[in-house]
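Please find below my notes on the model, set out as numbered points. They are meant to be read with the sequence and the coordinates open.

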Amino acid sequence: MRQRSRRRIMRATVELVDEHGYAGTTLTDIAERAGLARGLLSYYFDGKRLLMQSATHRMMHQALSTALDDMGPGSTPEARLARAIDTVLGLAMDHPRVMRSHLALILDPDTGEFVQDPEQRQLGAILQALLRDWGAPDPLAEHAVLRSALMGGCIGVLLPGAELPLALIRADLFGRYDLDWHLGLPPQPLPPERERPPARG
């Protein structure tokens, strides 16, 4: 019952932030959408900010688990890592309000803090296993690098007024891990070509 209530709260949080944004969503709104008493939110989560982070981590964990399960046991480590990168970037495209809110809360110097809750630890365990299978000599350290790169990629596609094309962000991430463009879910048939700056004479 307890875990079911937590999941309902986190699902309601994602739904409402998708619809109204973080500032436009109250704890009372979340309780009503989840069909629970307002006081239960405070029992399970220490404030709206921590709830938002946990809800986003759960969304990412669920999406990643589903995407990898759909691939089947015969997929290569490279294909699975490619699908993981595409899944996280895809969440930024499909849930921009949720992902913007999540990143803004983490980066806020006054209230920001990266919360390692159970949902985040499950997400991290999946990514570390993918990196171990891919051949990373230190999956824990490489996970920190990949996590930062994915956060940067999400910021790149979501930055208001200065968004970068998804294909460019993806090409950079795939280049870091020497992944073929055609793995995963490519947003276009061929990778983007970058113009080199003119040579200095």
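1. Does Pro139 count as buried or exposed? With a relative accessibility of 14%, Pro139 counts as buried, where buried means under 20% relative accessible area, exposed over 50% and partly exposed in between, with a 1.4 Å probe and protein chains only. Pro139 belongs to helix α8, and, once residues up to four places away in sequence are set aside, Pro139 touches Gln128, Leu131 and Arg132, a contact being heavy atoms within 4.5 Å. Between the C-alpha atoms of Pro139 and Leu166 there are 26 Å in space, for 27 residues in sequence.

2. On the basis of the notes: this is a predicted model, in which local features need pLDDT of at least 70 and side-chain atom pairs count only at pLDDT 80 or more, while totals for chains, interfaces and linings use all residues. Residues are numbered from 1 along each chain as its sequence is written, and side-chain values use heavy atoms, with hydrogens and water left out.

3. On the overall fold: the chain has 9 helices and 0 strands, the elements being DSSP runs numbered from the N terminus (helices H or I, at least four residues; strands E, at least two). The radius of gyration of the chain is 18 Å, close to the 17 Å that the globule rule gives for 201 residues, so the chain is as compact as a globular protein of that length. That radius is taken over C-alpha atoms, and the globule rule is 2.2 Å times the number of residues to the power 0.38. Along its principal axes, the C-alpha trace spans about 65 × 40 × 30 Å.

4. On burial, surface and charge: of the 201 residues in the chain, 41% are buried, and among contacts between residues at least 6 apart in sequence, 64% join residues at least 24 apart. The chain exposes about 10900 Å², of which carbon and sulfur atoms supply 53%; accessible areas come from the Shrake-Rupley method with a 1.4 Å probe, and for residues only the protein chains shown count as cover. The mean positions of the 23 positive and 25 negative charges lie 5 Å apart, with Lys and Arg counted as positive, Asp and Glu as negative, and His and the chain ends not counted. The place of a charge is taken as NZ of Lys, CZ of Arg, CG of Asp or CD of Glu.

5. On helix α2 (residues 27-34): its buried residues are Leu27, Ile30, Ala31 and Ala34. Seen down the axis of α2, these residues fall within an arc of 100°, so they line one face of the helix, the arc being that of the directions from the helix axis to the C-beta atoms. The cover over the buried residues of α2 includes α1 (2-20), α3 (38-44) and α4. Gly35 follows α2 and has a positive phi, near 70°.

6. On Gln53: this residue is found in helix α4 (residues 48-71), and Gln53 is buried, with a relative accessible area of 0%. The C-alpha atoms of Gln53 and Leu105 are separated by 8.1 Å, although the two residues are 52 apart along the chain.

7. On the approach to α8 and the helix itself: Ala136, in the loop between α7 (118-134) and α8, counts as buried at 9% relative accessibility. Leaving aside neighbours within four places in sequence, Ala136 is in contact with Leu131 and Glu142. Within helix α8, His143 is also buried, with a relative accessible area of 5%; beyond residues up to four places away in sequence, His143 touches Gln120, Gly124, Leu127, Gln128 and Leu131. Leu131 is thus listed for Ala136 and for His143, as it is for Pro139.

8. On helix α9 and what follows: the buried residues of α9 are Ala167, Ile169, Arg170, Leu173 and Phe174. Seen down the axis of α9, they fall within an arc of 160°, so they line one face of the helix, and what covers them includes α5 (77-94) and α8 (139-158). In the segment after α9 (166-176), Asp178 has a phi near 50°, a positive value in a residue other than glycine. Asp178 is exposed, with a relative accessible area of 73%.
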